[in-house]
Amino acid sequence: LGHEAAPSGSDDADAAAAFSWTQRFAVKAHQGPVKCVKSKGGLIVSGGDDDCVRMYDLVNGKDLGTLVEHEGSVTCLDMYGPAGAARPTHLFSGGSDGLVNVWRVKDFKILSRLRGHKRGVKSLAVHQSGKLALSCDEDTNLCMWNLVKGRVSYKNKLGSALEEIALGRGHNRYLGRRRSELVVRDLEDPEVDSVLHPGQGKILQSMCYPGSNYAYSGCADGTVQLWDLRTSARSHELKAHARRVKGIAVPMDLAGNESAGPSGFQNYFVSASSEGDLKIWDARMLSKDGEKAEPLGVRQLGVRLTCLCAKEGSVEGAAAEMEEEDDDESEKEDEEEMQRPAKRPVKRPAKKIKKKQNKRYANMARFD
């Protein structure tokens, strides 16, 4: 399900009417539950319980096909693109078969099958340099991958398994989510930097790490927590939903979210619950004393949501880049055609045609 949130432009005093939701698409992508979804530029990919990765073009609204290299559920996805590129260049997928597959986005050719996990991969994250990646599995292992050489450069047996992992922007550290805590670690020093506890009896269901100094977490009781990683303290907490928060995302393309505000957080973020509702919030309206905040927009979907992502990058920029790539490919084909030497005509010997004599009328001359 794809939805777009935009300012409604009305002067209504109700805060929930500040943003309006518009459904852009609805696709039956998988035969089973959708395990993960990721969007970057003009591409959106999803992984499901049917062992498949589905790909869609947001620019032209096309189904790009299915990738079927996993022998188990596709549990996590990530994409990488160099700085300044509107479109991603590589796709990474992890599955319950223990594999991390690397795909080239241009033609969706599989480039490598990274084997370092004996059990299912729970989550993976690619560094902004594109040279390394992290992945965690069900067997409490954390792997650091050297993507230049295509092998494991570091493997650590953790005390307990991580459910989700994310790499920050601008800092060489990662954020990991366990059942009852968030772990912040430095890539250069594997020792734990800090451990963030959501509170007694709270169970973490989701997290979002869009920046370097702040993070979001969603709990099973419907609360959303905002964390300041500079002080390792909880900055805000709000009762966002009645049930489990299954996803949190920060739409960077939304007006006002281009950069962090004075509080260090982006102005707007979106949360989704297992009961099927989407809500958009303004971080500037949250108070530290726990006062109830009102969402800027609410969308009731009537389905059980399992994952959430926000579009990253510009679709318009991706469209322009796709046109440039198509033009470059056509020009390259024309140049290759011009440089290709002309074929010389091949002289073939003429075939001798034998006149077949009709046996039926062969002896007609004797009756003349």
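The salt-bridge count for this chain comes to 15. The model you have open is a predicted one. Start the tour with the charged pairs.

**Stop 1: Glu4 and Arg24**

Select Glu4 and Arg24. They form a salt bridge, with 2.6 Å between the closest N and O atoms. Glu4 sits in strand β1 (residues 2–7) and Arg24 in strand β2 (residues 19–25), so you are looking at a link between distant parts of the chain, 20 residues apart. Now check the surroundings. Glu4 is partly exposed, at 36% relative accessible area. Arg24 counts as exposed, at 55%.

**Stop 2: Arg113 and Glu69**

Next, select Arg113 and Glu69. Their side chains meet in a salt bridge of 2.7 Å, N to O. Arg113 belongs to strand β10 (residues 109–115). Glu69 lies in the loop between β6 (62–67) and β7 (74–80). The pair therefore ties together parts that are 44 residues apart in sequence. Arg113 is partly exposed at 38% relative accessibility. Glu69 is partly exposed too, with 31%.

**Stop 3: Lys122 and Glu163**

Move to Lys122. Its salt-bridge partner is Glu163, and the closest N and O atoms are 3.0 Å apart. Lys122 is in strand β11 (residues 121–126). Glu163 is in the loop between β14 (151–157) and β15 (164–167). The two are 41 residues apart, and the pair links distant parts of the chain. Lys122 counts as partly exposed, at 24%. Glu163 is partly exposed, at 34%.

**Stop 4: a charged network**

Select Lys202, Asp221, Arg234 and Glu237 together. Salt bridges link these residues in a network.

**Stop 5: the nonpolar cores**

Leave the charges and turn to nonpolar side chains. In soluble globular proteins, such side chains tend to be buried together. The largest nonpolar core here has 15 residues. Which of its residues touch the most other members? Select Tyr216, Val224, Leu226, Leu238, Ile248 and Phe269 to see them. Then color the elements that give two or more residues to this core: β20 (214–219), β21 (223–228) and β23 (245–249). Another core lies apart from it, with 14 residues. Val53, Leu67, Val74 and Leu91 are among them.

**Stop 6: the sheet β7 to β10**

Leu91 leads on to a sheet. Show β7, β8, β9 and β10. They make an open sheet of four strands in the order β7-β8-β9-β10, with antiparallel pairing. Which are the edge strands? They are β7 and β10, and each pairs on one side only. Look along the sheet for its twist, which averages 20 degrees from one strand to the next.

Zoom in on β8 (residues 90–95) and β9 (residues 99–104). These strands pair in the antiparallel sense over five bridges. Pick out Leu91: its bridge partner in β9 is Trp103. The edge strand β10 is also where Arg113 from the second stop is found.

**Stop 7: the β16–β17 hairpin**

Select residues 173–177, strand β16, and then β17. The two strands pair in the antiparallel sense over five bridges. They form a hairpin, with four residues between them. Tyr174 stands opposite Arg185 in β17. Is β17 enclosed or open to the outside? Four of the five residues of β17 (residues 182–186) are buried, so the strand is largely enclosed by the rest of the structure.

**Stop 8: two positive phi angles**

Check the backbone at Asp51. Its phi is near 70 degrees, a positive value in a residue other than glycine. Asp51 lies in the loop between β4 (43–48) and β5 (53–57). Asp51 is partly exposed, at 29%.

Now go to Phe108. Its phi is near 55 degrees, again positive in a residue other than glycine. Phe108 is in the loop between β9 and β10. Phe108 is buried, with a relative accessible area of 17%.

**Stop 9: the cysteines**

How many disulfides does the model contain? The count comes to zero. Select Cys143 and Cys136 to see why at one site. The sulfur of Cys143 is 9.4 Å from the closest cysteine sulfur, that of Cys136, which is too far for a bond. The cut-off is 2.5 Å. Cys309 is in no disulfide either, and the nearest cysteine sulfur, in Cys307, is 7.6 Å away. Compare their settings: Cys143 is buried at 0% relative accessibility, whereas Cys309 is partly exposed at 26%.

Terms used
Residues numbered from 1 in each chain as written. Predicted model: local features only at pLDDT ≥ 70, side-chain atom pairs only at ≥ 80, totals over all residues. Heavy atoms only, no water. Buried < 20%, exposed > 50% of the residue type's maximum accessible area, 1.4 Å probe, protein only. Core = buried A, V, L, I, M, F, W, Y, C linked by side-chain atoms within 4.5 Å. Salt bridge = Lys/Arg side-chain N within 4 Å of Asp/Glu carboxyl O. Pairing = 2+ DSSP bridges. Axes fitted to C-alpha atoms, helices over the stretch in contact; angles between N-to-C directions.
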